Amino acid sequence: MSLDEEGICKTAFELIFAFDEVISLGHKENVTVAQVKQYCEMESHEEKLHKLVLQSKINETKDVMKRKASEIDKSKIEKNRGDKGGFMSLQSMGSGRIESKFSDMSISSSEGGFGSGSGFGLTTDVDSFSSKSKGRQPSSAAAPPKGLGMKLGKTQRTNQFLESLKAEGEVILDEVQPKAGLSKSAAPPPTDPITLTVEEKLNVTLRRDGGMNNFDVQGQLSLQILNQDDGLIQVQIETGGNPGILFKTHPNMNKELFANENILGLKDPNRPFPTGDAAGVGLLKWRMQSADESMVPLTINCWPSVSGNETYVSIEYEASSFFDLRNVVISVPLPALREAPSVRQIDGEWRYDSRNSILEWSILLIDNSNRSGSMEFVVPPADSSAFFPISVRFSAASTYSDLKVANVLPLRGGPPPKFSQRTQLVTENYQVV
């Protein structure tokens, strides 16, 4: 395309996809122009699988259509023989022949078709399958019962393709009917009248040779009220006394009340808190930054070494005693491989993502019983920089601020309303570069 306005407009989506490969969350990715071009032109395994399954089911539907047409043709011949004493004219045989076309079968693939367990969204109309007479009334041939639908299965070729994808490390999910009313969000819906959520997001950048480039914690206390009658309240909190944390209240909050008594309340006490917001209403925010490496909850050390025609990679983690970490996943990038790496030793479980060439090391829980662990694997010769950056994600049930909700105070009097508190620490961007 030419480098003018018309050429850019014609390739707008391609340019957006290319910039998406270069920029992530406002930061530049370490990629080259050749890599961006390769990523944009990369073929999709899901698309191949989708087209193969679609073509397989269409071919099977054609075969079933031909068999049904033959059965209807035979039933017409038998009925005509019975009505005319076994006499069948050549003209009636010609006019009673079935005109079967693939367009006579209605195939509908709606949104809930593929992947929703509804049989690929394929329906057959028996009426459109009936025979068309030329200049005569259609005979009352017995139609197949509508209660028996066609059962479409996977052919042997499809099964072989799925097995080959599984051998490459792909995860193949069967078509499962989704349950009605199943929520997409991971957190369960609140059941108590008042729910307060304490969440901290951790951003850490560690250096491979030791040291730390960035350590940033951002937290928020949010309030969710189910009933409007419970909106006239104040929230009393207790902070952990960490001097490195700076708190900042919402502009509608009474700042003096919070500074003197650690109570979060609106400036207008006659105004209730809003209700019905699924995400909750933010009451308080805080932030903590530090250059002290001992504040890091999990450190990763990676030691690649080349020996002959192999590269031995040893990775170890060390967790601090501040938190018990849950669902820990350490993602190590690998050079392009023809087969999965050879894992010699591991504390936990591993999975190889062949499409993205990433080795994922999973530990379900890190507590006092396993504050340290290691993994060793072998790959063909590669440069040490190919195994970085290492990404880490985990969650914890405690936070750096150690903020707790002491009580919920009703402004109308009466007993304090029932409330619950959710606390979690999650990683937003945790890397070893």
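**Exercise 1.** Find what average pLDDT the protein chain of this predicted model has, and which stretches stay under 50.

*Solution.* Begin with the whole chain: the protein chain of this predicted model averages a pLDDT of 79, and 75% of the residues score at least 70. Next, look for the weak stretches: pLDDT stays under 50 over residues 86–148, where the model has 88 contacts beyond four places in sequence. Residues 175–185 also stay under 50, with twelve contacts beyond four places in sequence. Finally, draw the consequence: where pLDDT is low, the predicted coordinates should not be read in detail.

**Exercise 2.** Describe the protein chain by its helices and strands, its contacts and its buried residues.

*Solution.* First count the elements, which gives eight helices and 18 strands in the protein chain. Then take the contacts between residues at least 6 apart in sequence, of which 73% join residues at least 24 apart. Last, consider burial: of the 433 residues in the protein chain, 32% are buried.

**Exercise 3.** Locate the cis peptide bond, and decide whether Asn 262 is buried, partly exposed or exposed.

*Solution.* Start with omega, which is about 0° for the cis peptide bond joining Phe 388 and Pro 389. Pro 389 is found in the loop between strand E15 (372–379) and strand E16 (390–396). Turn now to Asn 262, which has a positive phi of about 55° although it is not a glycine, and which lies in the loop between helix H8 (255–261) and strand E7 (263–264). Because buried means under 20% relative accessible area and exposed means over 50%, Asn 262, with a relative accessible area of 28%, is partly exposed.

How values were computed
Residues are numbered from 1 along each chain as its sequence is written. This is a predicted model: local features need pLDDT of at least 70, side-chain atom pairs count only at pLDDT 80 or more; totals for chains, interfaces and linings use all residues. Side-chain values use heavy atoms; hydrogens and water are left out. Helices (H or I, at least four residues) and strands (E, at least two) are DSSP runs, numbered from the N terminus. Buried means under 20% relative accessible area, exposed over 50%, partly exposed in between (1.4 Å probe, protein chains only). Contact means heavy atoms within 4.5 Å. pLDDT is the predictor's confidence in each residue, from 0 to 100.
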